[in-house]
Amino acid sequence: MNINFRFLLLGTSLSLIPTITNAQCVATIDCATLGYTETTNKGGCLKCPFGNTYACFSGGCTESGFIHDCTGANEKPLGNTCNKKYYSCSCTFGYEWKNGKCEEKQVPDTANLGQCTGYAKNCKIGDILNSDGTCSESKENNKTPIGVVVYIGQDNCGQALALACLGSMPWSTKYVDIATLPNYTDIEMSYSDFDSCGNTHKIIREVIQEIIQADTASTYPAAWQSTKYAPASLTVTRGKWCLPAAGIAKVMIDNYDKINSGLIKAGGEKLNKYYINWSSSESSNERALKWSYADGYVDTFNGDKGFAYYVRPVIEF
């Protein structure tokens, strides 16, 4: 027999509220009215949710979507059957029901945060970066935001800005030209520097060398504090956050509103338009590149490494 699924679903929903059903509906709606007219289960039948009769299908299972055996790899039977077929299947751990089969979940590995994963191909500037490495336009109930996407490269590698500013501090406490860092005296050329972590690691090597020589680790506070940062929700990322390069700064200037919108959605600290911020890009032994969103450009003028400017790290993903 052909069954009207709207009636069957109505019967199912009524079974979930028996008090209302008994008080108001029994006199006018019963199993037979809903299409449950068979007295025995002859196979491929659904039992009336508030009675002992059945609705059995005659050639309508396939048309109704009952087409899956649920016997494949990583599949398990789910729900009612019709002619021993299922509308959908449940999946074993690590798989999800998608496109009519159990497919492996494509969830990024948190351990990969802090390096290029290629997952940025699914993200856009202003999106929230979550602790599981996924991106979302808004805050999701089952995910924990750790940053906001500020850069996506052609290689699908991205960088996300921390939800909080670390305060103000000098770039360095003494004038040293770090030999492994390029010196940018042309501002336009500095816009091509996106190597936030590469720069930061070169600066940190100087710090490590000084520690070995019993000097102080605070010689390069901006880079040092960036690497010491980690959100409370994901402390395993400590050591993976970096001081943004000048090119990242320029992208953030150009996308100020989008990034601020993402920070608000994520519950983070908004960008302060008038803060002067340090980048990890160097221009000389005395100067490094800085920026403010109010100025609208990155510059070296008065970027004295000894001045205290603001620091807000990024993480690669």
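**Exercise 1. How many cavities of 30 Å³ or more does the count give?** Describe what surrounds the largest cavity.

*Solution.* The structure is a predicted model, and the count comes to one cavity of 30 Å³ or more. As a next step, take its volume, which for the largest cavity is about 120 Å³. Then turn to the lining, where 16 residues are found, and where C165, L271, N277, Y293 and R312 are the closest to the centre of the cavity. Finally, sort the lining of the largest cavity by class, which gives 11 nonpolar, two polar and three charged residues.

**Exercise 2. Which part of the chain has pLDDT under 50?** Set that part beside the values for the protein chain.

*Solution.* Begin with the protein chain, whose mean pLDDT is 83, with 81% of its residues at 70 or more. Then look along the sequence for the part in question: over residues 1–28 the pLDDT stays under 50, and for these residues the model has 35 contacts beyond four places in sequence.

**Exercise 3. Why is helix α6 described as largely enclosed by the rest of the structure?** Name the residues concerned.

*Solution.* First place the helix among the elements of the protein chain, which has seven helices and 17 strands. Helix α6 covers residues 246–254, and eight of its nine residues are buried, so the helix is largely enclosed by the rest of the structure. The buried residues in α6 are A246, G247, I248, A249, K250, V251, M252 and I253. For the protein chain, with its 317 residues, the share that counts as buried is 44%.

**Exercise 4. Is D299 buried or exposed?** Find its element and its contacts.

*Solution.* Start from the location, since D299 lies in strand β15, which covers residues 297–299. The relative accessible area of D299 is 8%, and because buried means under 20%, D299 is buried. Leaving out residues up to four places away in sequence, D299 touches I187, A288, L289 and K290.

**Exercise 5. Where is P313 found, and which residues does P313 touch?**

*Solution.* P313 is found in the loop between β16 (308–310) and β17 (314–316). Its relative accessibility is 0%, so P313 counts as buried. Next, list the contacts, not counting residues up to four places away in sequence: P313 touches ten residues' worth of partners named here in part, including A160, L161, W241 and P244. Finally, consider the sequence separation: P313 and L163 are 150 residues apart along the chain, while their C-alpha atoms are separated by 9.1 Å.

Note on methods
Residues numbered from 1 in each chain as written. Predicted model: local features only at pLDDT ≥ 70, side-chain atom pairs only at ≥ 80, totals over all residues. Heavy atoms only, no water. pLDDT = per-residue confidence, 0-100. Contact = heavy atoms within 4.5 Å. 1 Å grid on protein atoms, 1.4 Å probe; cavity = no way out; pocket = protein on both sides within 12 Å on 5 of 7 lines; lining within 4 Å. Points joined across faces, edges and corners; volume = space filled by probe spheres on them. Nonpolar A, V, L, I, M, F, W, Y, C, P; charged D, E, K, R; others polar. Helix = DSSP H or I, 4+ residues; strand = E, 2+ residues; numbered from the N terminus. Buried < 20%, exposed > 50% of the residue type's maximum accessible area, 1.4 Å probe, protein only.
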